[in-house]
Amino acid sequence: MSTAESSGAANDSRIEGLAAAALLAAGSGAFVLGLLTTLAEASTGTADFLQFNDRIGPLSGKTIFAAIAYFGALLVFWLFFRGRQLALRPVLVAAAILLALGLLGTFPTFFQAFA
Amino acid sequence: MELSNREVWGLVHGMVIGAFFLLAFAGGLAELYGLRTRWNTEEGIVGRVRRLTVGYWVMAVAAWATVVTGTWIVYPWYREKLAGEDLSGCAGLEIPTPDKCSPRDFLLSNVSGDTSDWHEFGMEWKEHVAWIAPMLASSAAIIVAVYGRRLADAPRIRRIAIWTFVLAFATAAVAGILGALITKVAPVK
């Protein structure tokens with residue numbers, strides 16, 4: 001590894017606020033999608049509530065709320081972390097956990113177990 | 001040789017915008033992987049960062065466009081309930097038929113073999129997991145835009161951007177492959 005990369009490696013144990021917000025927003029959006037997918041399977045009331053469009057069904061509400069969660073989290077985290085450098089590891093761990101839960105919640109074998 | 005309005009939208013969703021995202025991935029990955037100070041001149045880094053920034057944003061927009069067209073335009077034609085509660089409208093058919101048997105009805109009816117899992121597992125996974133791709137692609141684009149040239153000297157942040165981008169591709173690939181396979185069995189006509 002070159003000197004430049006070595007010094008970079010030493011400096012990049014922290015992450016810019018907006019980049020951290022982007023990672024956490026992706027995790028939040030995925031998590032909300034997974035949560036709503038599982039809840040809609042478990043409860044017809046939730047599925048009915050999420051049916052914003054009759055032709056699309058509950059998927060319409062799930063995707064609208066997931067997109068709102070993504071862009072909303074991006075905005076909130078950006079406002080909160082603006083101009084700050086955050087420790088990388090906690091941001092990564094939180095984003096990875098949220099994303100993993102989102103992927104789990106959108107996997108049919110998992111969410112159909114709640115039907 | 002003609003295509004229906006529904007087939008045109010299916011092509012725009014899957015073969016134009018969606019395929020663009022999947023095909024552009026390799027270029028985006030190679031550009032980001034190669035963004036290292038010791039592998040590039042200063043001029044090379046400037047050009048590479050410019051291509052990365054534009055490319056990642058274009059791919060993020062393409063990913064959003066793919067899921068929006070898929071969910072809000074094509075998916076309603078896929079899931080129409082036309083064949084009745086007992087799916088008898090699909091009896092004797094070899095492919096879904098407009099106004100009689102939608103692709104969802106067709107797959108669930110099992111009139112053309114054991115096809116219900118294509119809907120119950122394949123489509124159920126595709127329609128949900130696809131929406132994670134544009135979020136991850138947008139986040140990768142934001143990281144590239146925030147760091148820009150500094151990514152060449154920040155290997156950990158560069159690796160995080162790469163993994164975010166790879167996961168965006170992986171989720172899009174799952175959705176794309178399942179979409180292609182489901183369309184082969186039960187096309188939207």
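Trainee: Which helices of chain B do the buried residues of helix 1 of chain B pack against?
Mentor: This is a predicted model, in which local features need pLDDT of at least 70 and side-chain atom pairs count only at pLDDT 80 or more, whereas totals for chains, interfaces and linings use all residues. Residues are numbered from 1 along each chain as its sequence is written, and chains are lettered from A and ligands numbered from 1 in the order in which they are written. Buried means that 20 or more other C-beta atoms, placed from the backbone, lie within 10 Å of a residue's own, with exposed for 12 or fewer and partly exposed in between, and among the buried residues of helix 1 are Gly10(B), His13(B), Gly14(B), Ile17(B) and Phe21(B). Contact requires C-beta atoms within 7 Å, and helices are DSSP runs of H or I with at least four residues, strands E runs of at least two, numbered from the N terminus; the packing partners are helix 2 and helix 6 (155-185) of chain B.

Trainee: On which residue is the kink in helix 1 of chain B centred?
Mentor: Helix 1 (residues 5-33) of chain B has 29 residues and reaches 41 Å from its first C-alpha to its last, close to the 42 Å expected, where the expectation is 1.5 Å times one less than the number of residues. The bend at a residue is the angle between axes fitted to the seven residues ending there and the seven starting there. By that criterion the helix has a kink of about 40°, centred on Ala19(B).

Trainee: Which helix gives the most to the largest nonpolar core?
Mentor: A nonpolar core is a set of buried Ala, Val, Leu, Ile, Met, Phe, Trp, Tyr and Cys residues joined through C-beta atoms within 7 Å. The largest one has 77 residues, of which Ala26(A), Ala63(B), Ala140(B), Ile143(B) and Ala168(B) touch the most other members. With 14 residues, the element that gives the most to this core is helix 2 (residues 17-42) of chain A.

Trainee: How many nonpolar residues has the side of chain A that touches chain B?
Mentor: The contact takes 33 residues from chain A and 31 residues from chain B, and helix 2 of chain A gives the most to the chain A side, with ten residues. Nonpolar covers Ala, Val, Leu, Ile, Met, Phe, Trp, Tyr, Cys and Pro, charged covers Asp, Glu, Lys and Arg, and the others, Gly among them, count as polar. Beside nine polar and four charged residues, the nonpolar ones on the side of chain A number 20.

Trainee: What radius of gyration does chain A have?
Mentor: Along its principal axes the C-alpha trace of chain A spans about 60 × 30 × 20 Å, and buried residues make up 41% of its 115 residues. The globule rule is 2.2 Å times the number of residues to the power 0.38, with the radius taken over C-alpha atoms. A compact globule of 115 residues would be near 13 Å, but chain A has 18 Å.

Trainee: Is Asp99(B) buried or exposed?
Mentor: Most residues other than glycine have a negative phi, whereas Asp99(B) has a positive phi of about 70° although it is not a glycine. Asp99(B) lies in the loop between helix 2 (42-79) and helix 3 (103-109) of chain B. With 9 other C-beta atoms within 10 Å, Asp99(B) is exposed.

Trainee: In which loop does Asn110(B) lie?
Mentor: Asn110(B) also is not a glycine, and its phi is positive, about 60°. Asn110(B) is partly exposed, with 13 other C-beta atoms within 10 Å. The loop is the one between helix 3 and helix 4 (116-129) of chain B.

How values were computed: Contact = placed C-beta atoms within 7 Å.
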